[in-house]
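Trainee: I am new to this structure and should be grateful for a close look at a single part of it. Please explain each term as it arises.

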Amino acid sequence: MNRIIIPDDTITYLNNLRRDIVFRETLRGQTLTYHTTWGLFSPKGIDEGSRLLLDHLEVRERDDTLDLGCGYGPLGLTLARLAPLGTSVLVDKDFVAIDYSRKNAAVNGITNTEIFLSNGFDQVGERRFDLIVSNLPAKTGKELYYLYFYDALARMNPGARFYVVTISGLRKFIQKAFIEVFGNYKKLKQGATYTVAMASVPD
C-alpha cells in the first residue's frame with residue numbers, strides 16, 4: 001500500500017488552522033476576548049447582524065436572558081455583562097459552539113451564565129425569561145421559526161421582549177409571524193442586509 005505523504009508546509013498550514021482563532025471585540029461597551037474555530041458561524045469576527053441586534057435591544061440589569069443559537073457566545077455573554085444581576089442562558093445544537101461559549105465565559109470571568117446543548121428549546125425546560133434573543137439562521141424552514149416563536153412565547157415572563165435579527169428578505173415573514181404568535185411586531189432597524197425586530201408580551 002502506498003503511503004500518502006503530506007508536504008511539511010501543508011502540515012504546518014493545517015496545524016495553524018487547528019489553532020483557536022482569538023480576537024477582542026467591544027459590543028455595547030463590553031470588551032471581551034473570543035476564542036473561535038473554523039466551522040462556527042463568523043469565526044474571524046462578530047457578524048454584522050449580531051452587532052445590529054445588540055445595538056437596538058433594551059436590557060435591564062436584573063434580566064434573565066436567553067441566547068437561542070448562541071454560537072461561540074457574543075450575544076449571550078454580552079447580555080450577561082449588561083444584566084449582571086440576572087442569569088444569561090446560552091443554548092445551541094452544536095456541541096463545538098457550546099464548548100467555545102463555555103471557554104469564552106471562563107476566559108472573560110463571566111459567571112452568571114448557564115450554557116448547554118439544546119435543539120431549540122427542547123432542553124430549556126420550564127424556566128422563564130425577561131429577554132430572549134436570536135440571530136436567526138437564514139437557510140432553514142419557516143416551520144422551525146414557528147417552533148422557536150411559540151416556544152419562546154411559552155417561556156416569556158410578563159413584560160418580556162423577544163428580539164431577532166434576520167436577513168432583510170425575511171422581514172415580511174417575521175412581521176406576519178410575530179403578529180400571529182405574539183400579537184405585536186416592531187421593526188427596530190432595517191439595513192441593506194439585516195433587519196432587527198422585536199415582539200413583547202404584556203406586563
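Mentor: The answer below looks closely at the sheet, and then at what is attached to it and what lies around it.

The model is predicted, so local features are reported only at pLDDT of at least 70 and side-chain atom pairs only at pLDDT 80 or more, whereas totals for chains, interfaces and linings use all residues. Residues are numbered from 1 along each chain as its sequence is written, and side-chain values use heavy atoms, with hydrogens and water left out.

The sheet is open and has seven strands, in the order E5-E4-E3-E6-E7-E9-E8, with mixed pairing. Helices (H or I, at least four residues) and strands (E, at least two) are DSSP runs, numbered from the N terminus. Two strands pair if DSSP finds at least two bridges between them. At the edges stand strand E5 (113–117) and strand E8 (186–190); each has a single partner strand, so one side of each is left without a neighbour in the sheet. From one strand to the next, the twist averages 15°. For such angles, axes are lines fitted to C-alpha atoms (for helices over the stretch in contact), and the angles run from 0 to 180 degrees between N-to-C directions.

Starting at the E5 edge, strand E4 (residues 88–92) pairs with E5 in the parallel sense, over five bridges. One residue of this pairing can be named: Ser88 has Thr113 of E5 as its bridge partner. E3 and E4 also run parallel, and four bridges join them. Here Leu66 has Val89 in E4 as its bridge partner.

The side chains of E3 deserve attention. Thr65 and Asp67 point one way from E3, Leu66 and Leu68 point the other way, and all are buried. Buried means under 20% relative accessible area, exposed means over 50%, and partly exposed lies in between (1.4 Å probe, protein chains only). In a regular strand the side chains alternate between the two faces of the sheet.

Helices lie against these strands. Helix H3 (residues 74–82) lies across strand E3 (65–68), E4, E5 and strand E6 (129–135), and runs at about 175° to E4. Helix H5 (residues 142–153) packs on the sheet and touches E3, E6 and strand E7 (156–167), its direction making about 160° with that of E7. Contact means heavy atoms within 4.5 Å.

E7 can be examined through two of its residues. Thr166 is placed in strand E7, and with 3% relative accessibility this residue counts as buried. Apart from neighbours within four places in sequence, Thr166 is in contact with Leu136, Ile174, Thr193, Tyr194 and Thr195. The second residue is Arg161, whose side chain meets that of Asp63 in a salt bridge (2.8 Å, N to O). This pair links distant parts of the chain, as Arg161 is in strand E7 and Asp63 is in the loop between H2 and E3, 98 residues apart. A salt bridge is a side-chain nitrogen of Lys or Arg within 4 Å of a carboxyl oxygen of Asp or Glu. Side chains of opposite charge can pair when their charged atoms come close. Arg161 is buried at a relative accessible area of 4%, and Asp63 is buried at 5%.

A search of the whole structure finds six salt bridges. Another one of them joins Arg51 to Glu25, with the closest N and O atoms 2.9 Å apart. This pair too links distant parts of the chain: Arg51 lies in helix H2 (residues 48–55) and Glu25 in strand E1 (residues 21–27), 26 residues apart. Arg51 counts as partly exposed at 31% relative accessibility, whereas Glu25 is buried at a relative accessible area of 19%.

One residue in contact with Thr166 is Ile174, and helix H6 spans residues 171–181. Within H6, Lys176 forms a salt bridge with Glu180, the closest N and O atoms being 3.6 Å apart. The two residues are four residues apart, about one turn of the helix, and Glu180 counts as partly exposed at 45% relative accessibility. Phe173 also has its place in helix H6 and counts as buried at 10% relative accessibility. Not counting residues up to four places away in sequence, Phe173 touches Lys142, Tyr145 and Tyr146.
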